[in-house]
Amino acid sequence: MSKQFQFKLVLLGESAVGKSSLVLRFVKDQFDDYRESTIGAAFLTQTVTLDDQTTVKFEIWDTAGQERYKSLAPMYYRNAHCAVVVYDITQTASLEKARTWIRELQRQADPSIVIALCGNKADLAARRQVTQEEAKKYAEEEGLMWCETSAKTGEGVVDIFTAIAKKLPLSAPPSSRTGGPRGGPSGSTRQGVDLNRQAASQNDGEACNC
């Protein structure tokens, strides 16, 4: 019997680090050099196939990075099962902003949330300001998953979302919600998923170099 699990995923990070481009590459396998900044948040869905019988459907909230929208973020990460916090490898300040988001998630999001730190724009390695060693060390210290991606070339994009899907608790009954209206930003999508199992399955201090 095939099983489909449904999880709420939120993207956070400073403006212009490539969050929307990352999602566009993951969902539609497209890249747009001239994407406009997200206003508020955008909603998309994509499904990852883990094996012949198991699929994971992500309900993705791509949040705006501008400071004026920061106060809206809790509406989107509340009840989220997982978060991708994105920084730009060519901008040291964007990693500092990512650290701020991660601290906020650790304080206010669900304790069992799976957090991935994602260094985007790997195609611009010649302009790198954030070393892999620095980012990976921080991820290990905080018990985060970690990966570098390029939304432009597609490098690592599917890998990080697949790694997150594998990290989520799939031993509970699959979600029975295959249709009907989706919940709003603060609506729970936890039906049929026992997140208490996550604490036992997630290893502290593990950084995933996808």
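In this predicted model, the largest nonpolar core holds 29 residues, and the members that touch the most others are Leu9, Leu11, Phe58, Val84, Phe161 and Ile164. At least two residues of this core come from each of β1 (3-13), α1, β2 (41-49), β3 (54-63), β4 (82-88), β5 (114-120), β6 (145-148) and α5. The most is given by α5, with 6 residues. A second core, separate from this one, has 26 residues, including Ala80, Leu95, Ile115 and Ala139.

**Helix α5**

Helix α5 is mostly covered, with 8 of its 11 residues buried. The buried residues are Val157, Ile160, Phe161, Thr162, Ala163, Ile164, Ala165 and Lys167. In an α-helix there are 3.6 residues a turn, so residues three or four places apart point the same way. Ile164, one of the buried residues of α5, is in contact with Leu9, Phe58, Cys82, Val84, Ala116 and Met145, when neighbours within four places in sequence are left aside. Among these contacts, Leu9, Phe58 and Val84 are also listed with Ile164 as residues that touch the most other members of the largest core.

**Aromatic pairs**

The model has 5 aromatic pairs. One of them joins Phe26 and Phe161, and this pair is stacked, at 3.9 Å centre to centre with 5 degrees between the planes. Phe26 belongs to helix α1 (residues 19-28) and Phe161 to helix α5 (residues 157-167), so the pair ties together parts that lie 135 residues apart in sequence. Both rings sit on buried residues: Phe26 has a relative accessible area of 7%, and Phe161 is at 0% relative accessibility. Ring pairs also bring in Phe58, giving a cluster of Phe26, Phe58 and Phe161. Elsewhere, Arg99 is placed over the face of Tyr138, at 4.3 Å from the ring centre.

**Strand β4 and its partners**

Strand β4 is mostly covered, and 7 of its 7 residues are buried. The cover extends to both faces: on one side Cys82, Val84, Val86 and Asp88 are buried, and on the other Ala83, Val85 and Tyr87 are buried. The strand pairs with β1 and with β5, as set out below.

| Strand pair | Sense | Bridges | Residues opposite each other |
|---|---|---|---|
| β1 and β4 | parallel | 5 bridges | Leu9 and Cys82 |
| β4 and β5 | parallel | 7 bridges | Asp88 and Asn120 |

In the first pair, Leu9 stands opposite Cys82 of β4, and both residues are also in contact with Ile164. In the second, the bridge partner of Asp88 is Asn120 in β5. Together with helix α3 (residues 92-108), β4 and β5 make a right-handed β-α-β unit.

**Glu96 in helix α3**

Which residue is in helix α3? Glu96 has its place there. Is Glu96 buried or partly exposed? Glu96 is partly exposed, because its relative accessible area of 41% falls between the limits of 20% for buried and 50% for exposed. The C-alpha atom of Glu96 is separated by 9.9 Å from that of Gly13, and the two residues are 83 residues apart along the chain. Gly13 is within the range of strand β1 (3-13).

Terms used. Residues are numbered from 1 along each chain as its sequence is written. This is a predicted model: local features need pLDDT of at least 70, side-chain atom pairs count only at pLDDT 80 or more; totals for chains, interfaces and linings use all residues. Side-chain values use heavy atoms; hydrogens and water are left out. Rings of Phe, Tyr and Trp (its six-membered ring) pair if their centres lie within 6.5 Å; planes under 30 degrees apart count as stacked, over 60 as edge-to-face and the rest as tilted. Helices (H or I, at least four residues) and strands (E, at least two) are DSSP runs, numbered from the N terminus. Buried means under 20% relative accessible area, exposed over 50%, partly exposed in between (1.4 Å probe, protein chains only). A charge sits over a ring if NZ of Lys or CZ of Arg is within 6 Å of the ring centre and within 35 degrees of the ring normal. A nonpolar core is a set of buried Ala, Val, Leu, Ile, Met, Phe, Trp, Tyr and Cys residues joined through side-chain atoms within 4.5 Å. Contact means heavy atoms within 4.5 Å. Two strands pair if DSSP finds at least two bridges between them. A crossover is right-handed if, with the strands pointing away from the viewer, the path from the first strand over the helix to the second runs clockwise.
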